[in-house]
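Visitor: I would like a close look at one part of this structure, the aromatic rings and what they pair with. Please take me through them step by step.

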Amino acid sequence: MKLIITKEEIIKGLQKAASLTSQKTGTTFLKAVWLKWGDNRLKIMATDSKMEFIGNYEAQTSGNCLIGINGRSFYELVKKLPPGEITLKYSVEETEEERKEILLLEQGPKKYKILTYDSSWFRDFVPFPENNFIKWHGDEFKELINRLYYFTSDELDSITRYMTLRRHYENNTVAAFAILTQSFALKTFKHDELYEILDEEGYLIDKTFLSELKKWLNSNEIYISIQNDRFFIKDLENNENISFPLVKRKTIDYSEYLEPFNKETISRLIVNRNELKEALERIYIFASDMDEIVKFIFNNNELILYCESHDKGEASESLIVDYDGDIDEVIFMVKSLRDIIDHFHSENIEFQFVDKEKPCKIVGLDDLDKGYLIITVTIKVKEEYYYEDEIEENYNGEYDEY
């Protein structure tokens, strides 16, 4: 039983498969990358028990074979080989004491003997559905994840570690959002087919899977499907697909986050995003572990940024802005605000304030940020060196519950 394939054809698939395998814990099935060949096709499979990867590649084959190997060491070996054809051969070595299944890898004069796992450990993988799938673009999905990933929690048992996909209140519009204790991020966009396979309750994607998708997705066209509370993605160009379980749960009514900003009496600040970002980076130098706050002081169309630290000194910068409102100042956590505005692409961004001590909304004013918004808290200073996050009462329950 033999297979011939080029390194270039399989190296990326091997890397993706190997990244899912466990090296220290778990069963043999979870440690292995599985190679299955026959009918001039090679299938590479791996799983971490939840996310599954399947890659299909053209190859020259003789006979049928299923074999499990240490995926990471095999990937490292293939990665270090020069470009060109690789030959894999299945072999059995028997002695009086034991019987070993061996994978032989050959490339010209280079020969390697690789120990394998017993194929009895293999369990079938879930195939990509044959129907009820839709078309999307990988770069659009990746951009969506990049917009919301920052707002998911690392806490394993927290409901805030998910990105939610659901139908928006407008027809044929999809809503994706994530919630942390201090921030809420929402992206809405038109996609007729995706809208049809979602519902008002929504599907939750775990942060672990989001992290893998950020590495896996590219500009290729993809097919996706949601069936049996499992999310499937197929990359036609690379003949690869992955799948993972979803959490199905009735999600929050996020319109409650947006409703306070529908009033005519809100204060509005429009500022150049890059100018504000660069100023905050300089201001942050003066923030200490105890005083990571920056004060926004409004003086007509002048915005004064002020930071005072008990151990580093103080900093003040002035920006020309467009301000319309009756709030004289607000206070933010400087690092989180700097990170938040970095998620926008617009030349100018708009802050909307209901009150100096209640959450504010941030939006980008260019089409690049269409449908994207972030709601984040402001800070109320209690004493000279003590402050706390201040969240409006009708926000607090929602944040804590989610």
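Guide: A residue counts as buried when its relative accessible area is under 20%. The model shown here is predicted. With that cut-off, both tryptophan 34 and phenylalanine 122 are buried.

These two residues form one of the 23 aromatic pairs found in a search of the whole structure. A pair of aromatic rings is described by the distance of the centres and the angle of the planes. For tryptophan 34 and phenylalanine 122 the centres are 5.4 Å apart and the planes stand at 70°, so the pair is edge-to-face; planes over 60 degrees apart get that label. The pair links distant parts of the chain, with the two positions 88 residues apart. Tryptophan 34 belongs to strand S2 (residues 32-38), while phenylalanine 122 is in the loop between strand S9 (110-115) and strand S10 (134-137).

Strand S10 holds tryptophan 136, which pairs with phenylalanine 189 in strand S13 (residues 183-190), 53 residues apart. Here the ring centres are 5.9 Å apart and the planes are at 15°, so this pair is stacked. Tryptophan 136 and phenylalanine 189 are both buried. They also belong to a cluster linked by ring pairs, together with Phe141, Phe209, Phe231 and Phe244.

Rings can also have a charge over them, as two tyrosines show. Lysine 248 lies over the face of tyrosine 203, at 5.0 Å from the ring centre. At tyrosine 284, the charged end of arginine 338 sits over the ring, 4.7 Å from its centre.

Conventions: Residues numbered from 1 in each chain as written. Predicted model: local features only at pLDDT ≥ 70, side-chain atom pairs only at ≥ 80, totals over all residues. Heavy atoms only, no water. Phe/Tyr/Trp six-rings, centres within 6.5 Å; stacked < 30°, edge-to-face > 60°. Helix = DSSP H or I, 4+ residues; strand = E, 2+ residues; numbered from the N terminus. Buried < 20%, exposed > 50% of the residue type's maximum accessible area, 1.4 Å probe, protein only. Lys NZ or Arg CZ within 6 Å of the ring centre and 35° of its normal.
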